[in-house]
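Student: I would like a close look at a single part of this model, followed by how its surroundings are arranged. Please take one chain as the setting and go down to individual residues where that helps.

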Amino acid sequence: MKNPSEEQSSMQEKKGVSRRAFLRGAGLTTAGTVALSAGLLSFKLEDAKAPPAILGPGEAEVRFVVNGQARTIWVEPRTTLAEALREHLSLTGAKVVCDRGSCSACTVWVDGKPVNSCITLAVDVSGREVTTIEGLAQGDELHPVQEAFIEHDASMCGFCTPGMVMSCAALLKRNPNPGLEDVKLATSGNLCRCGTYPKVFEATLAAAKKMKK
Amino acid sequence: MIPAPFDYAAPNTLAEAFALLEQHGDDAKILAGGHSLIPMMKLRFASPAFLVDINNIPGLSYIREEDGYLRIGAMAREADLDHSELIRSRYPIFTDASKLIADPQVRNMGTIGGNIAHGDAANDHPAVMLAMRAEVVISSAEGQRTVPIDEFFYGFYMTAVQQNEILTEIRIPIPPAGTGNAYHKLERKVGDYATAGVAVQITVDGKGFCTYAGIGLTNVNPTPMRAARSEEALLGQKMTEEAIAEAARLAAEDCNPSDDLRGDEEYKRAMVGVLTRRMIHKALERARR
């Protein structure tokens, strides 16, 4: 373990190294007004025995479960889940539209919850379970939400549809008895430039009814 | 859009995370929900050379009342707050806020710690924290320190969290009986940043006099802002329509909004006034329950 003066000098050395010009949450020196609770030394550097593997910047192994199947891919840490699914696993159902988490066309489930795959790193879902629109149907049998989307004509150009369906199906999993407001809230992140929202709401409420039977 | 290349590690303990931060210095950035950081990296507003992913560290997602505080682990997701029975029943201001933060997909990933540590005046939790006079627990290999929220935000994307530290907990004093709180932001569409947002917490005594006032403003100042003169105007006063109108007027006067696509300065000031008045009323309604 370093003694405090060594710690100090190594910190100073680091400060001298050229800084990367990226936005940092930190940046200023500690304010004199903060209370240091010296009695709470609950974390010690030497507790870190086996340091975690450092991945990148080249390809690293990611193992995860996709639509019920164990999959292994090699991707750079900067690869998003959306890219990994589309480019590495040929699952092109999730669409990349805004590519910055604003439109939800890339919605997939991670451990059963809808997330934007375009701003989630593939390495971040290592060991977790991913469900895409391709994994929603049981063989040839469509998910009730998918069926309802067809019956109620809930897509026009269809580009937002996979994300929309994943949001609606996740809602019905969590809340089998939703009202219109619940459906609106669940799809509030999914942008549809064609304006099929009323049909989407109709379809989802109809699917909920059907699933209860 | 593809982020610049970086190295990545997902430590399993805080100690490991601190070691990595120590080792990689200013090149390292912490990845929590990542839903502010990854878009910034894609747009090249940020290019950290090393990401320390803290999602695998257990025990940072709690929401509980303890020792007079509501204590929230930094990795509690917005969705966790939204679904927490404790929050729903006792802290409606969080339910107000968490429904307005981005969209459901983002709320499944985004964390309360990240929302605050990002240091963005446009984020919603900072104003809520100001209204509730929260404290932020910051941990490092050397131990923990607690920073009052008023001393947390240093500037644009700059906070009290130093390079070798991690924000690990938010602590909110459990408000006494007779307290109500509320938050609302005006947004153009779901997931937009606030045109203006106002968080209010008020405590009134048995005779209807204000014994506590906390008012925080979102996205109308370079940093999250306390409407200090509005608070002073209410403290010790009977909560009359005149007192509330005066507090709202002062908030509109004291904020520093800038013109942008969400509206010009005059409009934003007016909206701060309207929202302040409405949120004080809503907080009072909740205080009387």
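**The sheet of chain A and its central hairpin**

Tutor: Chain A has an accessible surface of about 11,400 Å², and carbon and sulfur atoms contribute 53% of it. The model is predicted, and what follows was computed from its atoms. Of the 213 residues in chain A, 42% are buried. Among contacts in chain A with a separation of 6 or more, 55% join residues that are 24 or more positions apart. The chain contains 6 helices and 6 strands, arranged from the N terminus as α-β-β-β-α-β-β-β-α-α-α-α.

The part to examine is the sheet. In chain A, 5 strands make up an open sheet with mixed pairing, in the order 3-2-6-4-5. Strand 3 (69–75) and strand 5 (113–116) are the edges of this sheet; each has a single partner strand, so one side of each lacks a neighbour in the sheet. On average, and with direction ignored, neighbouring strands are turned by 40° against each other.

Helices pack on this sheet. Helix 2 (residues 81–88) of chain A touches strand 2, strand 3, strand 4 (107–110) and strand 6 (129–131), and its direction makes about 100° with that of strand 3. Helix 4 (residues 161–174) of chain A also packs on the sheet, touching strand 4, strand 5 and strand 6. The direction of helix 4 makes about 40° with that of strand 4 of chain A.

Within the sheet, strand 2 deserves the closest reading. Strands of a sheet pair through backbone hydrogen bonds, in either the parallel or the antiparallel sense. Strand 2 (residues 60–66) of chain A pairs with strand 3 in the antiparallel sense over 7 bridges, and with strand 6 of chain A in the parallel sense over 2 bridges. A:Val65 takes part on both sides: its bridge partner in strand 3 is A:Ala70, while its bridge partner in strand 6 is A:Glu129. Elsewhere along the antiparallel pairing, A:Val62 stands opposite A:Ile73 in strand 3. The hairpin of strand 2 and strand 3 has 2 residues between the strands, and A:Asn67 takes a positive phi near 50° in this hairpin.

The side chains of strand 2 can be sorted by face. In a regular strand they alternate between the two faces of the sheet. Here A:Ala60, A:Val62, A:Phe64 and A:Val66 point to one face and are buried. A:Glu61, A:Arg63 and A:Val65 point to the other face and are not buried. A:Val65, with bridge partners in strand 3 and in strand 6, thus belongs to the set that is not buried.

Outside the sheet, aromatic pairs come next. Over all chains there are 3 aromatic pairs. A:Tyr197 and A:Phe201 form a tilted pair, because their ring centres are 6.2 Å apart and their planes stand at 35°. Both residues lie in helix 6 (residues 197–212) of chain A, 4 residues apart, about one turn of the helix. A:Tyr197 is partly exposed, with a relative accessible area of 24%, whereas A:Phe201 is buried, with 13%.

Chain B supplies another pair, B:Phe156 and B:Tyr157, whose ring centres are 4.6 Å apart and whose planes stand at 55°, so this pair is tilted as well. B:Phe156 is exposed, with a relative accessible area of 59%, while B:Tyr157 is buried, with 14%. Rings in chain B also have charged side chains over their faces. B:Arg64 lies over the face of B:Tyr62, at 4.3 Å from the ring centre, and B:Lys238 lies over the face of B:Phe209, at 5.3 Å from the ring centre.

One loop position in chain B completes the survey. B:Gly263 sits in the loop between helix 10 (241–254) and helix 11 (265–288) of chain B, and is buried, with a relative accessible area of 15%. Apart from neighbours within four places in sequence, B:Gly263 is in contact with B:Ser258 and B:Lys268. The C-alpha atom of B:Gly263 is 34 Å from that of B:Arg90, a residue 173 places away along the chain.

Notes
Residues are numbered from 1 along each chain as its sequence is written. Chains are lettered from A and ligands numbered from 1 in the order in which they are written. This is a predicted model: local features need pLDDT of at least 70, side-chain atom pairs count only at pLDDT 80 or more; totals for chains, interfaces and linings use all residues. Side-chain values use heavy atoms; hydrogens and water are left out. Two strands pair if DSSP finds at least two bridges between them. Axes are lines fitted to C-alpha atoms, for helices over the stretch in contact, and angles run from 0 to 180 degrees between N-to-C directions. Contact means heavy atoms within 4.5 Å. Rings of Phe, Tyr and Trp (its six-membered ring) pair if their centres lie within 6.5 Å; planes under 30 degrees apart count as stacked, over 60 as edge-to-face and the rest as tilted. Buried means under 20% relative accessible area, exposed over 50%, partly exposed in between (1.4 Å probe, protein chains only). A charge sits over a ring if NZ of Lys or CZ of Arg is within 6 Å of the ring centre and within 35 degrees of the ring normal. Accessible areas come from the Shrake-Rupley method with a 1.4 Å probe; for residues, only the protein chains shown count as cover.
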